[in-house]
Amino acid sequence: NPSEDKKAIRQVPTLRDFIRDNYIPHIHLHRRNFQSTISFLNIHILPRYGSFHLDQVTAAMIGEGHQAMRSKGYAPAMCNKLPVLFKIMFNLAKKQKVQGASENPANGVTLFQLNNAKERYLTSEETVRLHEALERSDNTQLKYIVTLMLMFGCRKRELLDAKWEDVDLERRNWRIPMSKTGKARNIPLSGKALEVLQQLPRWKGCPYVVPNPETQKPYVSLFLSWDTARKRAGLAEVRMHDLRHSFASNLVNAGQSIYVVGKL
C-alpha cells in the first residue's frame, strides 16, 4: 500500500530530529558534563549526517566519517568518539522504540587502536618553545589556558568551566565543585599561578575564569588554535592532556612523593 509506505517513512525521524527531540533531552537528564558531547555533535555529526533518516545511516557512512577525521589529524581517541556516539544514540533509539532504529549501524565499525601506555612529557626546552608559539596565537586566551594547565595539572574541561566564585585568591585555593570523579576537590595556588590569575582579562558580568572573549562563555573547542600552536612549536604529537602528564612529571622530578602528586 503506497500510502502506508509513505506514512511509515514519515515516522522515521532524521538524525537531526532524533538528536534534538530525544538524545539532547536524555543527556541533559542523565549526564553531568554534556557540553563536549554537544560540541562534537555540532562539529562532526550533524553537518555530515543530520539530514539522513535513521534507517538510512549505514556502517559504511559512519566508517567514512571515522576515517575522514583521522585524515584531518584528529587523534585516534577523538576519532573513535564518532562511532561510539552513534552506537550510544542508536541504542537509545532502539530502547525508546523509535522508528528506523531496529539495527545499530555503528556495530559494524572498527575502532582505531589506542596506545595509551605511552605518556608524553614536555621537557623544559619544549615548554619554552610552546610558550613562544602561544604568544603568537590568534587565540589570546590560549597562552593563559595552557600555562594554568601546566601549573594545576587539571583536566581541560575543569579549567574551561571554572568560575571566579570558586577561586579564592586570598587563601590561594581553587575549588572544583564537581570533578570527573563526582567529588569536589581543591587545588592550591602557587605564587606563580596566582600571578597568572591576576593577569587574566576580565569582562563585566562574566563569571568564567578563561572565557571565549567573543561569547564570554566557556570555549566549546580549542582544537584549531591548539593545533596551530603545537605545530608551530614543532610539537605536532603533543595533546592538551599531555600537559596534565607533564605537571605530574615535573612534581616527581622536583622530589615530591607519589602521594602528594596523586592528591594534587
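**Two cores, a helix pair and two unusual loop residues**

R172 sits at an in-between level of exposure in this predicted model: with a relative accessible area of 38%, R172 is partly exposed. The residue belongs to the loop that links β1 (167-168) to β2. Its backbone stands out a little too, since R172 is not a glycine and yet has a positive phi of about 55°. K97 is another non-glycine residue with a positive phi, here about 60°. This one is found in the loop between α5 (76-95) and α6. At a relative accessible area of 73%, K97 counts as exposed.

Moving inside, the largest nonpolar core takes in 38 residues. Those with the most contacts within that core are L130, I145, V146, F152, W174, L197 and L243. Quite a few elements chip in: α6 (124-135), α7 (142-152), α8 (156-160), β2 (173-176), α9 (191-199) and α10 (223-232) each provide at least two of the core residues. Helix α7 gives the largest share, eight residues. As for L243, setting aside residues up to four places away in sequence, its contacts are L122, L130, V146, M149, L150 and W226. There is also a second, separate core, made up of 33 residues, with L15, F18, I45 and F86 among them.

Next comes the pairing of α2 and α3. Helix α2 spans residues 15-30 and helix α3 residues 35-49; the two pack with their axes 12 Å apart and at an angle of about 165°. An angle over 145 degrees counts as roughly antiparallel, so that is how α2 and α3 run relative to each other. Their crossing is right-handed. On the α2 side, the residues involved are L15, R16, I19, Y23, I24, I27 and H28, and these meet T37, I38, L41, I45, L46 and Y49 of α3. Sorted by class, the contact between the two helices comprises ten nonpolar residues, two polar ones and one charged one.

H44 is also part of helix α3. Buried means under 20% relative accessible area, so H44, at 14%, makes the cut. Apart from neighbours within four places in sequence, H44 is in contact with Y49, M69, Y74 and L82. As for G65, this residue is 21 residues from H44 in sequence, while the C-alpha to C-alpha separation of the pair in space is 8.2 Å.

Technical notes: Residues are numbered from 1 along each chain as its sequence is written. This is a predicted model: local features need pLDDT of at least 70, side-chain atom pairs count only at pLDDT 80 or more; totals for chains, interfaces and linings use all residues. Side-chain values use heavy atoms; hydrogens and water are left out. Axes are lines fitted to C-alpha atoms, for helices over the stretch in contact, and angles run from 0 to 180 degrees between N-to-C directions. Helices (H or I, at least four residues) and strands (E, at least two) are DSSP runs, numbered from the N terminus. Angles under 35 degrees count as roughly parallel, over 145 as roughly antiparallel, 65 to 115 as roughly perpendicular and the rest as oblique. A crossing is left-handed if the near helix is turned anticlockwise from the far one by less than a right angle, and right-handed if clockwise. Contact means heavy atoms within 4.5 Å. Ala, Val, Leu, Ile, Met, Phe, Trp, Tyr, Cys and Pro count as nonpolar, Asp, Glu, Lys and Arg as charged, and the others, Gly among them, as polar. A nonpolar core is a set of buried Ala, Val, Leu, Ile, Met, Phe, Trp, Tyr and Cys residues joined through side-chain atoms within 4.5 Å. Buried means under 20% relative accessible area, exposed over 50%, partly exposed in between (1.4 Å probe, protein chains only).
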